[in-house]
Amino acid sequence: MIPVERLAIPLLCAAVVAAYANALAASFQFDDYNVIVNNPAVHGLGAWFDSMPGIRALLKLSYTLNWITGGAAGFHAVNVLLHVLNAALVYRLARWAAETQAANHAVVPALLALAAALIFALHPAQTEAVTYVSGRSVSLMAAFYLGAVLAGLQGRPVLSALLFAAALAAKETAWTLPFALMLLAMLGSQPWRSVLRSLYAHWAVLGVFAVAVLIVPGYRRLLYSSLGIRTLGENLLAQVEGVWYLLTQPLLLLHTNIDPDIAMPQGVSATLLVKAAILVGLIVAGIAFLRRDRFAGVALLWTVLHLAPTNSVLPRLDIANDRQLYLALIGPALLLARTL
């Protein structure tokens, strides 16, 4: 019998390609026209270079390389390949997590990892990040992000920090990475102070990024635009609805929507308070599980952490989009895989 370890990556590749092959014939949609088709800054390497320094430099470079080498099919092919890569990286991460907890649970690490990676790869909530060209901002960032996480777990801090910088250059929501590494360290029962010290290079990268946000005009415009959408108080109310939508519709009910119509709450209501209480309860449960079931606790808190950049303080024009679940979905995938 062929070991699961040897079958896992080929099976993941085949599953993703089979699920998303029809995306190759898709056209550009929505923001694709603003950020790619009608954006001359990504229509040539010289134009891209002239637009720097700017936000999401590596994301825009990927668009530029696609633009000068082919049409929409090439853009979609890269998105599918990125999802294949990310599924393979999730397999490696899930296997590491399962192996650290194998003594406490009757699990076969390779099987749990394969199940988690397949859930991540094939869950309908990932459709937007894969088939919508502009969804690449999430999947490209995730590829660097997951690579940085694995490098960090393998004791390669410099490589991890470099990949962290690349993730930030693809999408700024990657700032959670040092905190993700601290969270994962809890699975191995590492002292948090030693973990904190080991991430010195990551804190340096995060510091440089914070300075860039303050001095690069593109980041300043993005920040000012965000703060002008709605007040911080209004946004906190809106994000109760946004996170509730993400966790109930695309994640649990498998109801996907590239442009969900989420109404802005008109003040505090009993329904909104109940939703907020349930969401806070998930955070409390994650913290509580860290004592008696670290695997479950880390998985729950991973989900919360990876929704924070897009669904917390800073307002966005859209209250929620399915692609915001892309990295967050790893947490539920780990939990579900362990029950199978």
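The dialogue below walks through several features of a predicted model, from its core outwards to single residues.

Visitor: Where should I begin if I want to understand the interior, and which residues have the most contacts inside the largest nonpolar core?

Guide: The general idea comes first: in soluble globular proteins, nonpolar side chains tend to be buried together. In this predicted model, the largest nonpolar core has 99 residues, and those with the most contacts inside it are Tyr 91, Tyr 145, Trp 302, Ile 330 and Leu 334. Helix α5 gives the most to this core, with 13 residues.

Visitor: Two of the names you gave, Ile 330 and Leu 334, belong to helix α17; which residues of α17 are buried, and how are they arranged around the axis?

Guide: It helps to recall that an α-helix has 3.6 residues a turn, so residues three or four places apart point the same way. Helix α17 covers residues 330-339, and its buried residues are Ile 330, Gly 331, Ala 333, Leu 334 and Ala 337. Looking down the axis of α17, one finds these buried residues within an arc of 165°, so they line one face of the helix.

Visitor: What covers the buried residues of α17, and what does Leu 334 touch?

Guide: The cover includes α5 (72-101), α6 (109-122), α8 (136-153) and α16 (294-307). For Leu 334 itself, leaving aside residues up to four places away in sequence, the contacts are Ala 94, Leu 112, Ala 116, Phe 295 and Ala 299.

Visitor: Let me turn to charged side chains. How many salt bridges does a search of the whole structure find, and how should I read one?

Guide: The search finds five salt bridges, and for each it is worth asking where the two partners sit and whether they are buried or exposed. Arg 56 forms one with Glu 172, with 2.5 Å between the closest N and O atoms. Arg 56 lies in the loop between α3 and α4 (57-69), whereas Glu 172 lies in the loop between α9 (157-170) and α10 (177-185), so the pair ties together parts that are 116 residues apart in sequence. Both Arg 56 and Glu 172 are buried.

Visitor: Which helices hold Lys 275 and Glu 241?

Guide: Lys 275 forms a salt bridge with Glu 241, the closest N and O atoms being 3.0 Å apart. This pair links distant parts of the chain, with Lys 275 in helix α15 (residues 270-292) and Glu 241 in helix α14 (residues 232-253), 34 residues apart. Lys 275 and Glu 241 are both buried.

Visitor: And where do Glu 99 and Arg 95 lie?

Guide: Glu 99 and Arg 95 both lie in helix α5, four residues apart, which is about one turn of the helix. Their side chains meet in a salt bridge at 3.0 Å, N to O. Glu 99 counts as partly exposed, at 43% relative accessibility.

Visitor: How many aromatic pairs are there in the whole structure, and what should I look at in each?

Guide: A search of the whole structure finds eight aromatic pairs, and the values to read are the distance between ring centres and the angle between the planes. Phe 28 and Tyr 33 form an edge-to-face pair, 6.4 Å centre to centre and with 70° between the planes. Trp 175 and Phe 179 have ring centres 6.1 Å apart and planes at 80°, so this pair is edge-to-face. As for accessibility, Phe 28 is buried at 14%, while Tyr 33 is partly exposed at 37%; Trp 175 is partly exposed at 32%, and Phe 179 is partly exposed at 34%. Ring pairs also link Phe 28, Tyr 33, Tyr 63 and Phe 75 into a cluster.

Visitor: Loops are harder for me to read. Is Asn 39 buried or exposed, and what does its side chain reach?

Guide: Asn 39 lies in the loop between α2 (32-37) and α3 (45-50). Its relative accessible area is 17%, and because the cut-off for buried is under 20%, Asn 39 counts as buried. The side chain of Asn 39 reaches the backbone oxygen of Val 35 at 3.1 Å.

Visitor: Where is Leu 314, and what does Leu 314 touch?

Guide: Leu 314 is found in the loop between α16 and α17, and at 39% relative accessibility it is partly exposed. Not counting residues up to four places away in sequence, Leu 314 touches Leu 223, Ser 226, Leu 227 and Asn 235. The C-alpha atoms of Leu 314 and Ser 225 are separated by 10 Å, although these residues are 89 residues apart along the chain.

Notes:
Residues numbered from 1 in each chain as written. Heavy atoms only, no water. Buried < 20%, exposed > 50% of the residue type's maximum accessible area, 1.4 Å probe, protein only. Polar contact = N/O pair within 3.5 Å; in protein donor to acceptor, adjacent residues only side chain to side chain. Arc of directions from axis to C-beta. Contact = heavy atoms within 4.5 Å. Phe/Tyr/Trp six-rings, centres within 6.5 Å; stacked < 30°, edge-to-face > 60°. Salt bridge = Lys/Arg side-chain N within 4 Å of Asp/Glu carboxyl O. Core = buried A, V, L, I, M, F, W, Y, C linked by side-chain atoms within 4.5 Å.
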